[in-house]
Amino acid sequence: MNKVTLTLLEAVVLCVVGVAVGFAMNAMRGRDSIDLHRDYHPKIKVHAGAEQPAEPSELDAAESPFQLMTLKEVIEVWDDPRFQYEAYVIVDARSDDAYEAGHIPGAVQCDYYRIYDYLEQVVPRVLGAERVVVYCNGVDCDDSLLVCGKLIEVDVPWENIYLFKGGWEKWKQTDYPIETGRKQVQE
Amino acid sequence: MATFVGVVKRVDGSGIPLLVARLFVGLLFAYLAYNKIADPFEFLKQVREYHAFAEHPPQLINAVAAAVPWFEMVCAAALLLGVFVRGAALLIFGMLLFFGPLLLWRAWMLYSAPEFAGGFCDVKFDCGCGTGEVFICFKMLENTAAQLACLIPLFSRSRFLCLSSLLTRKRTTQS
């Protein structure tokens, strides 16, 4: 067998082994396993009742499927006593590492990509809330938008859902406190 | 010319260039693969950013995100162990050839954005390579160095410290 044929054969074997190992390891990873059949990035349609924000310069005024909230408005929600008794809920759509490194105090985590681990705890709280504010890292992050789409699927009224596009990057720039570690869910 | 070829053959015969190339590419790809394996969903997000694979139906892009990091790790292990060295080098060379233009395209999109102020080499983004945010020029240099290094195992006649040659030698001695 000449060198070229041998090289190609080695490449084919490594391809087969590599892909097989990849799928096998993915299947064994539990909550870090990518569900091959799940649509992680569904198209989210613009809601008929979506209004444009009052200050388009601060927010992305392009069509948004959800109501947008400015940093100032998020701070008002956070300062409001209704946030303390969970009539207002703030949801952090980021992964464990990002959430534990720092999040808006009192925000509950709902990692979009491992969402089925969180829905059982999050759904009862958001269903009963008057306002649900969802954020992730910042304007370049889609995870908050995708979590909002999931909240609609579990029957959270559209009018109660707000998207904080500025996200963690904006909150960090304020003098407001940050919380680290995991929020203990009270049953 | 004959002297140059002779020098190259002698240097190659020492096995050192092959060993250095295997270690460089193997360790680099093992590190990059490990970072992707550690956060599979971050890699999925980055794969999506390239728009190189159809998002709907989702099976293809999900399969790429699930399999590619482990595939890279297998190739890196093959290089480091010295097994199927040429095949591994060819695959890594091919991957870099495929992803290189995609990286450049994505960097160009960021560079062309009206809000971006700076030179092309100032473009910094998470390429999904496993290193977090990198400057595009540094990344292209790294990729080019890795591609050039892959040529050594592809064309080297040496099998210095390769597991495959040690096993072959053992089998020959026993028979």
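A salt bridge is counted here when a side-chain nitrogen of Lys or Arg lies within 4 Å of a carboxyl oxygen of Asp or Glu. With that criterion, a search of the whole structure, which is a predicted model, finds 20 salt bridges over all chains. Several of these pairs serve below as guides through chain A, chain B and the contact between them.

We may start with the fold of chain A, whose secondary structure comes to 7 helices and 5 strands. Read along the sequence, these elements follow the pattern α-β-α-α-β-α-β-α-β-α-β-α. Of the 187 residues in chain A, 45% are buried. Among contacts in this chain between residues at least 6 apart in sequence, 65% join residues at least 24 apart.

Chain B can be entered at its first helix, which covers residues 2-14 and has 13 residues. From its first C-alpha to its last, helix 1 of chain B reaches 19 Å, close to the 18 Å expected at 1.5 Å a residue. The residue that follows helix 1 is B:Gly15, whose phi is positive, near 85°.

Further along, in helix 4 of chain B, lies B:Met73. This residue counts as partly exposed, because its relative accessible area is 23% and the partly exposed class runs between 20% and 50%. Leaving aside residues up to four places away in sequence, B:Met73 touches B:Ala30, B:Ala33, B:Tyr34 and B:Ile37. The C-alpha atoms of B:Met73 and B:Phe29 are separated by 6.8 Å, although the two residues are 44 residues apart along the chain.

How, then, do the two chains meet? In all, 30 residues of chain B are in contact with 34 residues of chain A. The area buried between chain B and chain A is about 2900 Å², and carbon and sulfur atoms give 69% of that area. Within chain B, the residues that lose the most area to chain A are B:Phe41, B:Trp70 and B:Phe84, which together account for 23% of what that side buries.

Polar and charged pairs can be counted across this boundary as well: there are 12 residue pairs in polar contact, with both residues at pLDDT 80 or more, and the count of salt bridges between chain B and chain A is 2. On the side of chain B that touches chain A, the elements giving two or more residues are helix 2 (16-38), helix 3 (40-49), helix 4 (59-81) and helix 5 (85-112) of chain B. Helix 4 of chain B provides the largest share of that side, 10 residues. By residue type, the side of chain B that touches chain A divides into 20 nonpolar, 4 polar and 6 charged residues.

One of these helices, helix 3 of chain B, holds B:Pro40. With a relative accessible area of 5%, B:Pro40 is buried, because the buried class takes in values under 20%. Not counting residues up to four places away in sequence, B:Pro40 touches A:Arg29, A:Asp32 and A:Ile34. The C-alpha atom of B:Pro40 is separated by 28 Å from that of B:Leu148, which is 108 residues away along the chain.

Two of the chain A residues touched by B:Pro40, namely A:Arg29 and A:Asp32, also form a salt bridge with each other, the closest N and O atoms being 4.0 Å apart. A:Arg29 counts as partly exposed, at 23% relative accessibility.

Which residues form a salt bridge whose closest N and O atoms are 3.1 Å apart? They are A:Asp142 and B:Arg48, and this pair crosses between chains, from the loop between strand 4 (131-135) and helix 6 (143-153) of chain A to helix 3 of chain B. A:Asp142 is partly exposed, with a relative accessibility of 31%.

Another salt bridge lies within chain B, where the side chains of B:Lys139 and B:Glu142 meet at 2.5 Å, N to O. These two residues are separated by about one helical turn, because they are 3 residues apart in helix 6 (residues 136-155) of chain B. B:Lys139 counts as buried at 2% relative accessibility, and B:Glu142 counts as buried at 15%. Elsewhere, salt bridges that share partners join A:Arg31, A:Asp96, A:Glu100, A:Asp117 and A:Arg182 into one network.

Technical notes
Residues numbered from 1 in each chain as written. Chains lettered and ligands numbered in written order. Predicted model: local features only at pLDDT ≥ 70, side-chain atom pairs only at ≥ 80, totals over all residues. Heavy atoms only, no water. Contact = heavy atoms within 4.5 Å. Buried area = accessible area lost by both parts, 1.4 Å probe. Polar contact = N/O pair within 3.5 Å; in protein donor to acceptor, adjacent residues only side chain to side chain. Helix = DSSP H or I, 4+ residues; strand = E, 2+ residues; numbered from the N terminus. Nonpolar A, V, L, I, M, F, W, Y, C, P; charged D, E, K, R; others polar. Expected span 1.5 Å × (residues − 1). Buried < 20%, exposed > 50% of the residue type's maximum accessible area, 1.4 Å probe, protein only.
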